[in-house]
Amino acid sequence: MAWDTQETRRRLKEAAVAEFAERGPAGTTMARIAGRAGINKERLYNYFGDKQSLFETVLTDELDKLAAGVALGNPGYQDIGEFAGRTFDYHADHPELARLLQWEGLGGGPVADEVNRTVHYQDKVRAVAAAQREGVLDDGLDPAYLVFLLIALAAWWFSVPQLAAMLTGADPDAPEERARRRAGVVEAARRLAAPR
């Protein structure tokens, strides 16, 4: 029987996302990841190399999924709110991403796929800058800062859920609370970017 390498790689990456999100790169081992996937540890090394390479692969893949799911498009005043809303939705559906990004930042090591990620985010900055020049978005904020603030506005609910709970006292898993938070993110993004 032939070995299904694609399925094996998928299971290993899925296990790695869970382990890295829970424990960070320093807190987990290749053996834990392989065990979680039910795959031989040597196969994990053969497919992905060392633990840092695996972490970078996993984070890059997760960010590629985010980029595909949350496009900025043509950033008009209404669109900028929906961009923030889609970013909020993505993080709500994939809370492990915020944790992976925090572990990357805490690790102080290399940034996964830094060149491609920089290009991706600079494309967003250029789109916002163009909308600012056209008077569609407020030009009072540096476009790079505005993009950062929009992403933070949407993602911070999942980066520090304990703060959200202390401030709101609400159950984040309640559908009405998720809808309320999303609506707040969309409205705040629109107000932040509204032309003056």
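R10 sits at 38% relative accessibility, so it counts as partly exposed. Its salt-bridge partner is E14, with N and O 2.9 Å apart. E14 has 51% relative accessibility, which puts it in the exposed class because that class starts over 50%. Both residues belong to helix α1 (residues 5-27) and are four residues apart, about one turn of the helix. Keep in mind that this is a predicted model.

Helix α10 has a pair with the same spacing: E177 and R181 are four residues apart, about one turn of the helix. Here, though, both residues are buried.

Then there's D89 with R178. D89 is in helix α5 (residues 77-93) and R178 in helix α10 (residues 175-193), so this pair ties together parts that are 89 residues apart in sequence. R178 is partly exposed, at 29% relative accessible area. The two also belong to a salt-bridge network that links E82, D89, D93, R178, R182 and R190.

Here are the three pairs side by side.

| Salt bridge | N to O distance |
|---|---|
| R10 and E14 | 2.9 Å |
| E177 and R181 | 2.7 Å |
| D89 and R178 | 3.8 Å |

Zooming out, the count comes to 20 salt bridges. The protein carries 24 positive and 29 negative side chains, and the centres of the two sets lie 3 Å apart.

As for the fold, there are ten helices and zero strands. The C-alpha trace spans about 65 × 40 × 35 Å along its principal axes. Of the 196 residues, 38% count as buried. About 10,800 Å² is exposed, with carbon and sulfur atoms supplying 55% of that area.

Key: Residues numbered from 1 in each chain as written. Predicted model: local features only at pLDDT ≥ 70, side-chain atom pairs only at ≥ 80, totals over all residues. Heavy atoms only, no water. Helix = DSSP H or I, 4+ residues; strand = E, 2+ residues; numbered from the N terminus. Buried < 20%, exposed > 50% of the residue type's maximum accessible area, 1.4 Å probe, protein only. Areas by Shrake-Rupley, 256 points an atom, 1.4 Å probe, with all protein chains shown as cover. Lys, Arg positive; Asp, Glu negative; His and termini not counted. Charge placed at Lys NZ, Arg CZ, Asp CG, Glu CD. Salt bridge = Lys/Arg side-chain N within 4 Å of Asp/Glu carboxyl O.
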